[in-house]
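Biologist: I'd like to learn how to read a model like this one, feature by feature. Can we go through it together?

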Amino acid sequence: MATDPHSDTSTAILATITPWLHEAGELLTAKPKELKIDVKNHDELVTATDLAVDRLLSGKIAAAYPEHRILSEESQTSLPDYGGYVWVLDPIDGTVNYACGVPFSAISIALCRDGEAVLGAVYNPHLGHLYAATKGGGATLNGAAIGKDHPRRAGYTSPVVATGFPYDSDKRDLARRQLDRLLDEFGYVRRLGSAALDLCLVADGTFAGYYEIDLSPWDIAAGALIVREAGHQVGNLVAAPGNLPEELNGKHLVAGHAEAYATMRAILKLD
Ligand code: LIP
């Protein structure tokens with residue numbers, strides 16, 4: 001039955017999609033003897049599981065919210081506009097990790113209204129971690145509040161920042177310079193391979209910050225809302241391209257706790 005989200009609160013919508021995420025998560029944790037892996041856009045991996053998760057979740061969204069649109073890494077990668085309700089879906093964020101058997105990948109899903117995220121969820125089925133947030137409603141990990149007012153450990157501030165590297169080889173030299181800047185400033189740098197989960201680890205206090213050069217809307221839509229709702233900061237060093245809403249801008253994305261965020265914005269350059 002179509003539910004108008006205006007009457008159906010974001011929390012209720014999150015409750016609706018949570019079992020969908022667990023069902024999709026079982027596709028990631030299954031250990032198929034064979035896994036079809038293809039290459040798209042010259043150098044990006046896509047597996048049969050990415051496509052299966054996309055079909056599963058896109059189908060459920062279309063059945064429950066037929067008047068909504070879907071922006072998805074594996075089926076609809078752009079829209080003429082972002083008005084009304086748009087779901088932003090990354091069936092597997094961390095596809096290379098998934099393809100190689102590294103247990104650090106996630107399903108990332110957000111619902112936007114007129115270009116602003118109203119709810120987001122990032123589910124890592126390998127660890128059983130469901131990060132979620134609603135706009136104005138705070139951020140949670142497996143239902144427990146996370147963020148600035150809910151430190152992982154009293155009096156402890158993580159010194160670690162995370163980053164990632166673009167598929168596009170033309171951007172690798174800049175990535176190396178940015179990595180140098182982060183290493184010189186912070187010392188502890190991690191590259192775990194999933195932007196969505198990197199953002200969630202900023203939200204829950206594991207990391208002090210995160211930066212990446214060239215992400216897509218589906219990599220960051222849910223994770224960025226979770227960071228904001230955790231009381232931390234997210235922004236970009238450049239404006240969003242074209243008509244893409246700022247909340248879906250993954251270019252030169254910076255996220256972090258206040259001090260680390262300010263430091264990262266000061267040291268990172270566009271050249
Ligand atoms: C990945 C991001 C990662 C980035 C990769 C890729 P995918 O998303 O999560 O942080 O470094 O280049 O964009 O392709 O696995 O959905």
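Biologist: Let's go straight to the ligand. What lies 3.0 Å from an oxygen atom of the ligand?

Modeller: That's an N or O atom in the side chain of E73. Keep in mind that this is a predicted model. The backbone joins in too: a backbone N or O atom of T95 sits 2.8 Å from a ligand oxygen, and a backbone N or O atom of A195 is 2.8 Å from a ligand oxygen.

Biologist: How many residues surround the ligand, and which are the closest?

Modeller: There are 15 around the ligand, and the closest are G94, T95, R191, A195 and E212.

Biologist: Now the empty space. How do I find it?

Modeller: The general idea is to roll a probe the size of a water molecule over the atoms, which shows where empty space is left. In this model, the largest pocket comes to about 860 Å³. Its lining has 40 residues, and E44, Y167, D214, S216 and D219 are the closest to its centre.

Biologist: Which elements give two or more residues to that lining?

Modeller: Strand 2 (44-47), strand 4 (85-93), helix 3 (95-100), helix 5 (195-203), strand 12 and helix 6.

Biologist: And how do the residues of the largest pocket's lining divide by class?

Modeller: You get 14 nonpolar, 12 polar and 14 charged.

Biologist: What about the second largest pocket: how much space lies in it, and which residues are nearest its centre?

Modeller: About 190 Å³. It has 14 lining residues, with L28, A30, K31, Y98 and G101 nearest the centre. Helix 3 provides the largest share of this lining, 4 residues. By class, the second largest pocket is lined by 10 nonpolar, 3 polar and 1 charged residues.

Biologist: How many cavities of 30 Å³ or more does a search of the whole structure find?

Modeller: Just 1. The largest cavity holds about 40 Å³ of space. Its lining is T163, G164, F165, A175, Q178, L179, L182, Y211, E212 and I213.

Biologist: Which element supplies the largest share of the cavity lining?

Modeller: Helix 4, with 4 residues. Helix 4 (172-186) and strand 12 (209-214) each put at least two residues into that lining. Sorted by class, the cavity lining has 6 nonpolar, 3 polar and 1 charged residues. You'll recognise E212: it lines the largest cavity, and it was also listed among the closest residues to the ligand.

Biologist: On to helices. What's the general idea there?

Modeller: An α-helix has 3.6 residues a turn, so residues three or four places apart point the same way. For a case here, take helix 6 (residues 217-229): at 1.5 Å a residue, its 13 residues should span 18 Å, and the end C-alpha atoms are 18 Å apart, so the two agree.

Biologist: Why is helix 6 called largely enclosed by the rest of the structure?

Modeller: Because 11 of its 13 residues are buried. Those are P217, W218, D219, I220, A221, A222, G223, A224, L225, I226 and V227. D219 is also one of the residues closest to the centre of the largest pocket. After helix 6 comes G231, with a positive phi near 90 degrees.

Biologist: One last residue, A121. Where is it placed, and is it buried or exposed?

Modeller: A121 belongs to strand 6 (residues 116-124). Its relative accessibility is 1%, and buried means under 20%, so A121 counts as buried. Compare its position with V102: the two are 19 residues apart in sequence and 21 Å apart in space, C-alpha to C-alpha.

Note on methods: Residues numbered from 1 in each chain as written. Predicted model: local features only at pLDDT ≥ 70, side-chain atom pairs only at ≥ 80, totals over all residues. Heavy atoms only, no water. 1 Å grid on protein atoms, 1.4 Å probe; cavity = no way out; pocket = protein on both sides within 12 Å on 5 of 7 lines; lining within 4 Å. Points joined across faces, edges and corners; volume = space filled by probe spheres on them. Nonpolar A, V, L, I, M, F, W, Y, C, P; charged D, E, K, R; others polar. Expected span 1.5 Å × (residues − 1). Buried < 20%, exposed > 50% of the residue type's maximum accessible area, 1.4 Å probe, protein only. Near = heavy atom within 4 Å. Polar contact = N/O pair within 3.5 Å; in protein donor to acceptor, adjacent residues only side chain to side chain.
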